[in-house]
Amino acid sequence: DPTPMVGMVGVIKDVDKCCTQNFKNERDVIVLLGENSNDLSGSEYLYVIHKLKKGDPHIDLAMEKKVQHTCLDAIESGIVASAHDCSEGGLAIALAESCISKSDKMLGATIKLEGDLRKDSVLFGEKPSRILVSVKTGNLNHLEELAKKHSIPYSVLGTVGGKDLSIDIAGSKAINLPLKELSATWRNAIPRRLEKR
């Protein structure tokens, strides 16, 4: 603290290419543009769960630019159904918000993560330069070509569908929650906070 903030306004030339964060279609493939890390620096998880403000969060501006260009190219080509950054709260929160942010059409997700990163870092780390996107299976090759063109790491995480958010890490169930529970927690957060005062 204090944290500098930058506000920006942009113009979308074609409103039909505006992309929102909520999952749209059953069986869409969920892909992470960018990569996870073992870093919990400055995260909400570290502060809320462990009451710690520590670490040295940093951003690789060159990688950030490449990830943004990949996502923008994919959206402009019409293959992306949803896109959501993995900033506040990390990957798990981005997935949850993508499942529940449109209350009249909530769609779950089945996610399988591999690797040897710590579970809390994978789920709640706030490393920059990561965007969660969903595409139809037939558009996955096109997205992979764009990622390779811009030289960014990417990984297929799972699929859209069902009424739960299920996340496995290295074959072990890390999260398995019904969307109704996630939605109630998310939508009632501010009223609950005000009641405590």
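Select Asp120 to begin: this residue is buried, with a relative accessible area of 14%. Here, buried means under 20% relative accessible area, exposed means over 50%, and partly exposed lies in between, computed with a 1.4 Å probe and protein chains only. The model is predicted, so that local features need pLDDT of at least 70 and side-chain atom pairs count only at pLDDT 80 or more, while totals for chains, interfaces and linings use all residues. Residues are numbered from 1 along each chain as its sequence is written, and side-chain values use heavy atoms, with hydrogens and water left out.

**Stop 1: the surroundings of Asp120**

Asp120 is found in helix 4 (residues 119-124); helices (H or I, at least four residues) and strands (E, at least two) are DSSP runs, numbered from the N terminus. Display Arg118 next, whose side chain meets that of Asp120 in a salt bridge of 2.5 Å, N to O. The term salt bridge denotes a side-chain nitrogen of Lys or Arg within 4 Å of a carboxyl oxygen of Asp or Glu. In contrast to the buried Asp120, Arg118 is partly exposed, at a relative accessible area of 48%.

Add Tyr45, whose side chain is joined to that of Asp120 by a polar contact of 3.4 Å. A polar contact is a pair of N or O atoms within 3.5 Å; within protein, one must be able to donate a hydrogen and the other to accept it, and residues adjacent in sequence count only if both atoms are side-chain atoms. Leaving aside residues up to four places away in sequence, Asp120 touches Leu40, Tyr45 and Gly125, where contact means heavy atoms within 4.5 Å.

**Stop 2: a network of salt bridges**

The structure has five salt bridges by the rule above. Select Asp168 and Lys112, whose side chains form one of 3.6 Å, N to O. This pair links distant parts of the chain, 56 residues apart: Asp168 belongs to strand 6 (residues 164-169) and Lys112 to strand 3 (residues 109-113). Now add Lys173, which forms a salt bridge with Asp168 through their side chains (2.9 Å, N to O). Lys112, Asp168 and Lys173 are thus linked in a network. Asp168 counts as buried at 13% relative accessibility, whereas Lys173, at 46%, counts as partly exposed.

**Stop 3: helix 5**

Which residues of helix 5 (residues 140-149) are buried? They are Leu140, Leu143, Glu144, Leu146 and Ala147. Because these residues cover an arc of only 160° around the axis, they lie on the same side of helix 5; the arc is that of the directions from the helix axis to the C-beta atoms. The buried residues pack against strand 1 (29-33), helix 2 (61-76), strand 4 (131-135) and strand 5 (154-160). Turn to the face directed away from the buried side to find the exposed residues Asn141, Glu145, Lys148 and Lys149. After helix 5 comes Ser151, with a positive phi near 55°.

**Stop 4: helix 3**

Select helix 3 (residues 90-100), which is largely enclosed by the rest of the structure because ten of its eleven residues are buried. Among them are Gly90, Leu91, Glu97 and Cys99.

**Stop 5: helix 1**

Finish at Val48, which lies in helix 1 (residues 44-50) and counts as partly exposed at 45% relative accessibility.
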